[in-house]
Amino acid sequence: LARLLPDGRLGVAPGLQELLASPVGDTRARALVLALRGEEYYQLSVTAIQDPCDFVLPDRPDLRANPSMAVIPLELVRTRLQQSLQATLLTLAAVRRLCPTLPPIHVTPPPPAPSEAVAAEGGDVRERDRPVHRVPTGVRLKLWILYSGMLEQAARALGVRVIAPPAAALQANGTLRPELLEDAIHGNARYGEMVCRQLAEALEPGTGASS
Amino acid sequence: VTHPYRDLPDRQFWRRFVSDTPWRDLDVMDPPSFRLGAQHRVATAGSCFAQHITRHMKRHGLQPHAAEPAHPLVRELAPALAESYGAFSARYGNVYTVRQMLELLRQAAGTRPMVQDFVEDDGRWYDLLRPAVQPDGWASWDEAMADRAWHLQCVRRMFQDIDVFVFTLGLTESWYHAEMGHTYPVCPGTVRGQYDARLHRFQNFRSGEVASDLRALVDEARAMNPSLRFIFTVSPVPLVATRGPSNVLVASSQSKAVLRAVVGEVVAETDGAEYFPSFEIVSHAASFGQYLAADLREVTERGVAHVMSCFLKAFYGDLSTDAGGRVATPESTPVSAAGRDLRVCAPTDGPPAECEELFYERAATGLKVR
């Protein structure tokens, strides 16, 4: 959707320019809600299917690294996530440029569900994603925590507000409640409703619960 | 007249074996009790000289066992760091003493608790038992711990999986932690950490201690892998510095003599164990010091190539067959020196071995170590 051109300028796909033209021209629009990509952290989980690995996240000492897995230095995990986030951040930058007056809100993708729950899910997911349950829950959760933190920080710097997953959708350790899974990796319609209520509350405090 | 020397082969007699043979052609390695093929899983460990064994095996198309390879993400994102994974079969760094190797084996086997001796330096964490394997350190104490736990798992799996363990004995002098009892590869405060005279104590292992440790190493490794065989060698590289009362030359002689004598004893009493004479090839007076670098300590690449061609020939035999035709012994050209025929093999390029021990000298001369 957006990329850096060789001369350093930000290039935006014509389709995105066209898409953004309509909400900009709509005087009733109060915000632009985005849910871009979301697979950035997930790509690393897929890597860990083939070559098991873990890492240490200082903020979550309860999610200890598995001693039977290679330990990837935190800075390398960050580097890879930063690379993966680049496309999302460029798109957010493009949105800010094309919609300077419309406040953007980015919806963070849901955290991973426990691996046991994912293993039990069939669903219409790509073949490469099916074995993701082999990656321990803790590894996938740490990747998501790191990713969502980096996304939130970078988006805020671009003037984009980020909405975290609804607290009610999460278990005590931060994973997605299994009943809110659509398939191995996506939230279901019920999860979507919870996010919509959260968005309504964010746009107009006090309305979220009844929206 | 008959006597025990009467029918012995030429190699049993100094004049016929040594005096009449160019050093390059001298078959110093006695026929080993076992041979190896490319299919055998061979792990390497030991002092910095041991790095050459790994490097030359790879150069000759043999793959030393890799129990702790760099993860694909590390290879992709930090290729320089990934290289450090290939120095030995696992990422233990240089293991200078038998005691250090034994303690590592015990931690890996779970018969000794994992040593937790990490230091923080400028916001990064370092493992004093492997002070140079992660040049930029780990991000946190937890990360350093986690990597050490993974490393020990790899070492355990290595000992369970391999056919042969090649161990280069380097030193008898070492440092240990007075309270926790573990042995360091190098004195804290040189490569990393702070030296604390109360906690960090010097010891120079005596031959009985080295022998006891080496026997324990064999026994305990075989408890994990009963069919494991051993190749021991003694590093020909003298000490960088000694902490004992003697001068460094005399201290080196004592250290190497102890190691050489102990290996001879243990190999003689152990089935499936061999001694490989790296020490003799480089350091024996009959070599005329031809493999020593200008400092008379480092072994030149030419010397290493000679040692390794002997090693490969002794254990792998016809390498061109075993290793798919990629094996080539170094080219030799005869020269004359000191009235003798010597053969000099063509120099080959190779990275210098990484020796933490060198920091003893750098620290003593006030050179910045990092």
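## Arg24 in the α1–β1 loop

In this predicted model, R24(B) is located in the loop of chain B that connects α1 (14–19) with β1 (42–46). Its relative accessibility is 9%, so R24(B) counts as buried, the cut-off for that class being under 20%.

R24(B) can also be placed relative to a residue far along the sequence: S287(B) is 263 residues away along the chain, yet the C-alpha atoms of R24(B) and S287(B) are separated by 8.9 Å.

## Helix pairs in chain B

Two helix pairs of chain B are described here. Helix α2 (residues 50–59) of chain B and helix α10 (residues 301–316) of chain B have axes that come within 10 Å and cross at roughly 70°. That angle makes α2(B) roughly perpendicular to α10(B), because angles of 65 to 115 degrees fall in this class. The crossing in which α2(B) passes α10(B) is right-handed.

The second pair consists of helix α5 (residues 98–109) and helix α7 (residues 207–224) of chain B, whose axes come within 9 Å and cross at roughly 25°. The two helices, α5(B) and α7(B), are therefore roughly parallel to each other, since this class covers angles under 35 degrees. Their crossing is left-handed.

## A nonpolar patch at helix α8

V248(B), L249(B) and V250(B) together make a nonpolar surface patch of about 250 Å². Of these residues, V250(B) belongs to helix α8 (residues 248–269) of chain B. With a relative accessible area of 41%, V250(B) is partly exposed, because this value lies between the limits of 20% for buried and 50% for exposed residues.

Key
Residues numbered from 1 in each chain as written. Chains lettered and ligands numbered in written order. Predicted model: local features only at pLDDT ≥ 70, side-chain atom pairs only at ≥ 80, totals over all residues. Heavy atoms only, no water. Patch = residues over 30% accessible without salt bridge, like charges linked within 9 Å, V, L, I, M, F, W, Y side chains within 5 Å. Areas by Shrake-Rupley, 256 points an atom, 1.4 Å probe, with all protein chains shown as cover. Salt bridge = Lys/Arg side-chain N within 4 Å of Asp/Glu carboxyl O. Helix = DSSP H or I, 4+ residues; strand = E, 2+ residues; numbered from the N terminus. Buried < 20%, exposed > 50% of the residue type's maximum accessible area, 1.4 Å probe, protein only. Axes fitted to C-alpha atoms, helices over the stretch in contact; angles between N-to-C directions. Parallel < 35°, antiparallel > 145°, perpendicular 65-115°, else oblique. Left-handed = near helix turned anticlockwise from the far one by under 90°.
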